[in-house]
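I opened the notebook to log a few look-ups on one structure. The entries follow in the order I made them.

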Amino acid sequence: MATTTIAAPSGTDYIPVKHPFNFGRWFRATGWRHLVGAVMVIFSAFPLLYVLSASLHPGGTLITANGLFSQIDIGSYVTLFNLPQQPYAAWYGNTLLIGGITSAGTVFLGALAAYSFSRMRFVGRRAGLLMLVLVQMFPQLLAVVAIFLLLNGISDIFPAIGLDTQIGLIMVYLGGALGVNTYLMYGFFNTIPASIDEAAKLDGAGHARIFFTIILRLVAPILAVVGLLSFVGTTNEFVIASIVLITPEKQTLAVGLYQFVSQEFSSNYSVFAAGAVLAALPVMALFLWLQKYIVGGLTAGSVK
């Protein structure tokens, strides 16, 4: 029951008056938001629960896992680490290594480029910013053939960074992610007042000292966002990784897990689901750790 107060005659207190609860008015005001929120939670959580249920089902197929958590068995997780032809532990380590180095390199190189475009004035600055935007119109998938031929040629001269090397894959990832991340950081760098740089220059600080000791601390939100997006994109990338990495021990999770469902007569979706659940843990942990920076970094970086 809702209550309101009405003015009483002079010399008396306010008298509360109860009104019956009006469901229609409440639903039009705020109730529909709760309904939309509940639908979105169910829509988002169901695939996660289904994959988790499939990973705990001993049947090995997705059809037998229709009943959520009808059977619980961790045999798929045990099998995952006992397949010599599919070294899941090596894939897991490769993914963390490649994703970590790529995200760190992307953040560092993108921050250097964004600082240069934001704080320095040089010939070709506007054209360079325009090229960063135009290049992103063409997906990296279009360059798969060129990347393969380029790394194949490099293998004849520098085998350590050529085809079937993790360093070569990291370099490809760094080149592909530098454009969009630089432009995103550039928008955030522009929100930092230039008077901070000028005050530091009066004290004798150069560009390097200003960048490493002052600017990087002020742009921590966008650095966290770019690092997270780069790590997630690297972890989920399949096409280029499958072209560059050939040896099973050097492959990433995205490429390796495909082997569990690509074979015609020996597909094991339960093991695949178990691998997918474990693969999501680093991304989820990183997201929870950096979540306080995500909203502020994305919104501020998209203003300019």
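Which helix does Val277 lie in? I found Val277 in helix α13, which covers residues 269-301. I noted before going on that this is a predicted model.

**Val277, contacts**

I looked up what Val277 touches, leaving aside neighbours within four places in sequence. The partners are Val51, Leu52, Ser55 and Tyr77. I then checked the pair Val277 and Tyr77. They are 200 residues apart in sequence, yet 9.7 Å apart in space, C-alpha to C-alpha.

**Whole protein**

I wanted the overall counts next. The secondary structure comes to 13 helices and two strands. The protein has 304 residues, and 35% of them count as buried. The accessible surface comes to about 17900 Å². Carbon and sulfur atoms hold 71% of that surface. I also took the contacts with a separation of 6 or more: residues 24 or more positions apart account for 65% of them.

**α3 against α9**

At what angle do the axes of α3 and α9 cross? I read roughly 140°, with the axes coming within 8 Å. Helix α9 spans residues 220-236, and its crossing with α3 is right-handed. I listed the residues that meet. From α3 they are Thr95, Leu96, Ile98, Gly99, Gly100, Thr102, Ser103, Thr106, Val107 and Ala111. From α9 they are Leu223, Val226, Gly227, Ser230, Phe231, Thr234 and Thr235. By class, I have seven nonpolar, 10 polar and no charged residues in this contact.

**Ser103**

I picked one residue out of that list. Ser103 lies in helix α3. Is Ser103 buried or exposed? Its relative accessible area is 11%, under the 20% cut-off, so Ser103 counts as buried. Leaving aside neighbours within four places in sequence, Ser103 is in contact with Gly227, Ser230 and Phe231. Those three names also stand in the α9 list above.

**α3 against α8**

I moved on to a second partner of α3. Helix α3 covers residues 88-119 and helix α8 covers residues 207-218. Their axes come within 12 Å and cross at roughly 110°. Angles of 65 to 115 degrees count as roughly perpendicular, so α3 and α8 are roughly perpendicular to each other. α3 passes α8 in a right-handed crossing. Which residues of α3 meet α8? I found Phe108, Ala111, Leu112, Tyr115 and Arg119. On the α8 side are His207, Ile210, Phe211, Phe212, Ile215 and Leu216. By class, this contact has nine nonpolar, one polar and one charged residues. Ala111 appears here and also in the contact with α9.

**Leu174**

I placed Leu174 in helix α6. Not counting residues up to four places away in sequence, Leu174 touches Thr102, Gly105 and Thr106. I checked Val107 too. Leu174 and Val107 are 67 residues apart in sequence and 9.7 Å apart in space, C-alpha to C-alpha.

**Asp164**

Where does Asp164 lie? I found Asp164 in the loop between α5 (144-157) and α6 (166-189). Its phi is near 65°, a positive value in a residue other than glycine. Most residues other than glycine have a negative phi. I looked up the exposure as well. Asp164 has a relative accessible area of 16% and is buried.

Terms used
Residues numbered from 1 in each chain as written. Predicted model: local features only at pLDDT ≥ 70, side-chain atom pairs only at ≥ 80, totals over all residues. Heavy atoms only, no water. Axes fitted to C-alpha atoms, helices over the stretch in contact; angles between N-to-C directions. Helix = DSSP H or I, 4+ residues; strand = E, 2+ residues; numbered from the N terminus. Parallel < 35°, antiparallel > 145°, perpendicular 65-115°, else oblique. Left-handed = near helix turned anticlockwise from the far one by under 90°. Contact = heavy atoms within 4.5 Å. Nonpolar A, V, L, I, M, F, W, Y, C, P; charged D, E, K, R; others polar. Buried < 20%, exposed > 50% of the residue type's maximum accessible area, 1.4 Å probe, protein only. Areas by Shrake-Rupley, 256 points an atom, 1.4 Å probe, with all protein chains shown as cover.
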